Amino acid sequence: MPEKKNTEFDRPGGYATPRGAIQVQAEAARLLQASDIRLLGDTAPGHEVAATTVRPAYETADPDTRLYIGDCRDVLPNLPDRGAVDLVFADPPFNWDVPYDEWSDGMPRSEYERFTFDWLDACIDVLSDRGAIWVNIPDDTAAEIVMHLKRRGLTMVNWCVWHFRFGQHRDSSFIMSKVHALYFVKDPSNRIWNPDAVLEQSDRAAIYNDARTQAKTNHAGMRVPMDVWYGPYWGRVQGNNKERRHRHHNQIPEVYLERVILACSNKGDLIVDPFCGSGTTSTVARAWNRRSITTEYGEGNAESAWERIAGIGMLRKGQSVGGTSAIGAKRSSRTKH
Ligand SMILES: C[S@@+](CC[C@H](N)C(=O)[O-])C[C@H]1O[C@@H](n2cnc3c(N)ncnc32)[C@H](O)[C@@H]1O
């Protein structure tokens, strides 16, 4: 039988996504909302939010940056910026008994799922119609987050994977070497998306010396990164890594936030991170002239994060752009492929 090719593509900025990959989701979300599918977290009582005036514990200008101390489920619904946020990046506690400053990271599973749905809802409510939400989450809760975002009517643009090569040794199963980076939007046909800001070298350019890619008039030898992210500076932040902020757990590398922020926001846009930790999101946001709001439960964490956000700043600005993720060395032109 002759091969049937898919000729239906969306080409925002010239980069192709098969149209069906996005379009089927709206119908699926409608059916999901109408269905009776229940997740464990649906059985637990939701968080009750008291209406109150919230004030940042730390703030600075140029660009406006605010850090609130408290539970993000209480702070976000009381922000004056509801509906005006362009990008949310959330890296929640994973419920893995991590000894955070003050947050207790060991809830019964149903409570943890309810907590997850409640903070997701608070994030969706602050987002503008063009906004995007990214969630950093490991295997054990990724499916529930995807289901909840879909039933709230959001559309998945990418299910990216952050791959690191310094997993903890175990011999009972394959070693964990990834976390999911879920990218959802309210409106896939009207979203902030800057592919040109995050280009990297294509394998054709980096390995195969392909003359055709170098002859392109637009962005010769470059492409939008693939959806599995790894490479220099992409490892877990630990040991003597110069980015490392001692006392913080699960710090995300600056390059990860840089890619998300450059691709999904513009200069002056407003970014929210409900789980500040060491302050990676606001640190990178400031370096790229984005406004940001972050919330942190632990006072000590907040103080230390603010030192970084307002003082130390970003250490690897620009390192996520223009490099290569090619596996394998450049081949000589005489090498047979
Ligand atoms: C996984 S860490 C975030 C790490 C951060 N992405 C970074 O790069 O440093 C989660 C953080 O969220 C904080 N946290 C936990 N529950 C919270 C809540 N309900 N509201 C606000 N912050 C919370 C914890 O204290 C911890 O600092």
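In strand β8, His 180 is the bridge partner of Ile 137. This report on a predicted model starts from that strand and moves outward to the sheet, the helices on it, the loops and the ligand shell.

**The β8 strand and its two partners**

Strand β8 covers residues 178-185, and 6 of its 8 residues are buried, so the strand is largely enclosed by the rest of the structure. A residue counts as buried when 20 or more other C-beta atoms lie within 10 Å of its own.

β8 pairs with strand β6 (residues 127-137) in the antiparallel sense, over 6 bridges. Besides the bridge between Ile 137 and His 180, Asn 136 stands opposite Ala 181 of β8. Strand β7 (residues 155-163) also runs antiparallel to β8, and 8 bridges join the two. Here Cys 160 stands opposite Ala 181, and Asn 158 has Tyr 183 as its bridge partner in β8. Ala 181 thus faces Asn 136 as well as Cys 160.

β7 is in turn joined to β11 by 2 bridges, and these two strands run parallel. Val 161 stands opposite Val 228 of β11.

The residue pairs named above are collected here.

| Residue | Opposite residue or bridge partner | Strand of the partner |
|---|---|---|
| Ile 137 | His 180 | β8 |
| Asn 136 | Ala 181 | β8 |
| Cys 160 | Ala 181 | β8 |
| Asn 158 | Tyr 183 | β8 |
| Val 161 | Val 228 | β11 |

**The sheet and the helices packed on it**

These strands belong to an open sheet of 9 strands with mixed pairing, in the order β3-β4-β13-β12-β5-β6-β8-β7-β11. β3 and β11 stand at its edges; each has a single partner strand, so one side of each is left without a neighbour in the sheet.

Helix α3 (residues 109-126) packs on the sheet and touches β5 (85-90), β6 and β12 (270-273). The direction of α3 makes about 150° with that of β6. Helix α9 (residues 299-312) also packs on the sheet, where it touches β3, β4 and β13. The direction of α9 makes about 170° with that of β4.

**The chain as a whole**

In total, the chain has 9 helices and 13 strands. For 337 residues, a compact globule would have a radius of gyration near 20 Å, and the value of 21 Å for the chain agrees with this. The C-alpha trace spans about 65 × 50 × 50 Å along its principal axes. Buried residues account for 34% of the 337 residues. Of the contacts between residues at least 6 apart in sequence, 73% join residues at least 24 apart.

**Loops and backbone features**

The peptide bond from Asp 62 to Pro 63 is cis, with omega near -10°. Pro 63 lies in the loop between β3 (58-60) and β4 (65-69).

Two asparagines have a positive phi, a value noted here in residues other than glycine. For Asn 209, phi is near 50°. Asn 209 sits in the loop between α5 (203-206) and α6 (211-214), and is partly exposed, with 15 other C-beta atoms within 10 Å. For Asn 289, phi is near 60°. Asn 289 is found in the loop between α8 (280-287) and β13, and is likewise partly exposed, with 13 other C-beta atoms within 10 Å.

A further asparagine, Asn 240, is placed in the loop between β11 (228-229) and α7 (254-264). Asn 240 has 5 other C-beta atoms within 10 Å and is therefore exposed, the limit for that class being 12 or fewer. The C-alpha atoms of Asn 240 and Leu 120 are separated by 34 Å, and the two residues are 120 apart along the chain.

**The shell around the ligand**

There are 22 residues around the ligand, and those that come nearest are Asp 91, Phe 275, Gly 277, Ser 278 and Thr 280. By class, the shell divides into 8 nonpolar, 9 polar and 5 charged residues. α2 (72-75) and β13 (291-296) each supply at least two residues of the shell. β13 also belongs to the open sheet, where it stands between β4 and β12 in the order.

Terms used:
Residues are numbered from 1 along each chain as its sequence is written. This is a predicted model: local features need pLDDT of at least 70, side-chain atom pairs count only at pLDDT 80 or more; totals for chains, interfaces and linings use all residues. Helices (H or I, at least four residues) and strands (E, at least two) are DSSP runs, numbered from the N terminus. A residue is near a molecule or strand if its C-beta atom, placed from the backbone, lies within 6 Å of it. Ala, Val, Leu, Ile, Met, Phe, Trp, Tyr, Cys and Pro count as nonpolar, Asp, Glu, Lys and Arg as charged, and the others, Gly among them, as polar. The radius of gyration is taken over C-alpha atoms; the globule rule is 2.2 Å times the number of residues to the power 0.38. Two residues are in contact if their C-beta atoms, placed from the backbone, lie within 7 Å. Two strands pair if DSSP finds at least two bridges between them. Axes are lines fitted to C-alpha atoms, for helices over the stretch in contact, and angles run from 0 to 180 degrees between N-to-C directions.
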